[in-house]
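Me: Please take a close look at one part of this chain, the short helix that comes early in the sequence, and describe what packs around it and what ties it to its surroundings.

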Amino acid sequence: GFLQGANFSVDYYDIELSKGISLGSAQETIRLCFEENNQAECDRITFGPPTDPLNPQSNLTSVRAPYRNLLPYSARGLDFSASYYMPLSKWFSESKGALSFWLNATRALETLVQSGATIRDIAGQTGGDSGFGGFSDFAASPDWAGNLAVTYIGGPLRLTTQFRYTSKGKLDKQMPKTAPGEDGFDPTLVGSVSDNSVPSSLLVNLNAAYDFKWFDTDQFQ
């Protein structure tokens, strides 16, 4: 009946990565070399002429810090998908057009990432304070994110409106920030910010396409 052409699904995902890629540090390379006598790490260190004649490694000039497989990562959530194709002839007998609806949404339940020696849940982080600054290994994980597209199809003409929604959240939960009124706020400390919240956002895209014949080309858009 009326629901002919409708599809809906819900998927639960549970992802665990034991050794995600992370950028190494010069400090870690030096520690592994001198404290654990790791020769492979020592080979990444370049020494210049000794400043202390009794210590051939007294003049460290450069350190190469490669990417490493060290970071654990896990994420749980729900993916929702729905689509509906409706010929307009259901409403207008003479109409040859149709409407197409397509929806994808994700609900993040938990996103565990490691920051230093600490594992934090960044579900609800919608800001890019760490990620876009190049200091983070993980993208934001909003509580809700979704895409809705509505398309009119009328012969060679297609008109599409797309809505992209991101729920409100925190600026940064991987390197936690504190705002006035929150425990630990101190404007003299790193990590204290005037506003730790990010409002929800809705982006709207409009697209129009038309198929027509161009010389001997059957489909030119």
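Reply: The account below begins with the helix and then follows its contacts and links outward.

The model is predicted, so local features are given only at pLDDT of at least 70 and side-chain atom pairs only at pLDDT 80 or more, while totals for chains, interfaces and linings use all residues. Residues are numbered from 1 along each chain as its sequence is written, and side-chain values use heavy atoms, with hydrogens and water left out.

Helix α1 covers residues 26-34, and its buried residues are Thr 29, Leu 32 and Cys 33. Helices (H or I, at least four residues) and strands (E, at least two) are DSSP runs, numbered from the N terminus. Buried means under 20% relative accessible area, exposed over 50%, and partly exposed in between, with a 1.4 Å probe and protein chains only. Viewed down the axis of α1, the buried residues fall within an arc of 100°, so they line one face of the helix. That arc is taken from the directions from the helix axis to the C-beta atoms. An α-helix has 3.6 residues a turn, so residues three or four places apart point the same way.

The buried residues of α1 pack against α2 (39-42), β2, β3 (60-63) and β4 (67-87). Contact here means heavy atoms within 4.5 Å.

Ile 45 shows the packing from the side of β2, a strand of residues 45-47. Ile 45 is buried, because its relative accessibility is 7%. Leaving out residues up to four places away in sequence, Ile 45 touches Thr 29, Ile 30, Cys 33 and Phe 34, and also Leu 60, Ser 62 and Val 63. The C-alpha atoms of Ile 45 and Arg 64 are 6.5 Å apart, with the two positions 19 residues apart in sequence numbering.

Thr 29 also meets Pro 66, which sits in the loop between β3 and β4 and touches Ser 22, Leu 23, Gly 24, Thr 29 and Arg 44, again not counting residues up to four places away in sequence. Pro 66 and Thr 29 are 37 residues apart along the chain, and their C-alpha atoms are separated by 8.8 Å. With 25% relative accessibility, Pro 66 counts as partly exposed.

A covalent link also starts from the helix. A disulfide joins Cys 33 to Cys 42, with an S to S distance of 1.9 Å. The rule for a disulfide is a pair of cysteine sulfur atoms within 2.5 Å, and by this rule the count comes to one. The torsion about the S-S bond of Cys 33 and Cys 42 is about 100°, so the disulfide is right-handed. Both ends are covered: Cys 33 is buried, with a relative accessible area of 3%, and Cys 42 is buried at 16%.

Charged side chains add further links. A salt bridge is a side-chain nitrogen of Lys or Arg within 4 Å of a carboxyl oxygen of Asp or Glu, and by this rule the count comes to nine. Arg 31 and Glu 36 form one of them, at 2.9 Å from N to O. Arg 31 is partly exposed, with a relative accessible area of 29%, and Glu 36 is partly exposed at 45%. Arg 31 and Glu 36 also belong to a network of salt bridges that links them with Glu 28 and Glu 35.

Another salt bridge involves α2 and β4, both among the elements that the buried residues of α1 pack against. Arg 68 forms a salt bridge with Glu 41, the closest N and O atoms being 3.0 Å apart. This pair links distant parts of the chain, with Arg 68 in strand β4 and Glu 41 in helix α2, 27 residues apart. Both partners are buried: Arg 68 has a relative accessible area of 11%, and Glu 41 is at 7% relative accessibility.

Strand β4 takes part in a further salt bridge, in which the side chains of Arg 76 and Glu 110 meet at 3.4 Å, N to O. Arg 76 lies in β4 and Glu 110 in strand β5 (residues 98-115), so the pair ties together parts that are 34 residues apart in sequence. Arg 76 is partly exposed at 27% relative accessibility, and Glu 110 is partly exposed at 24%.
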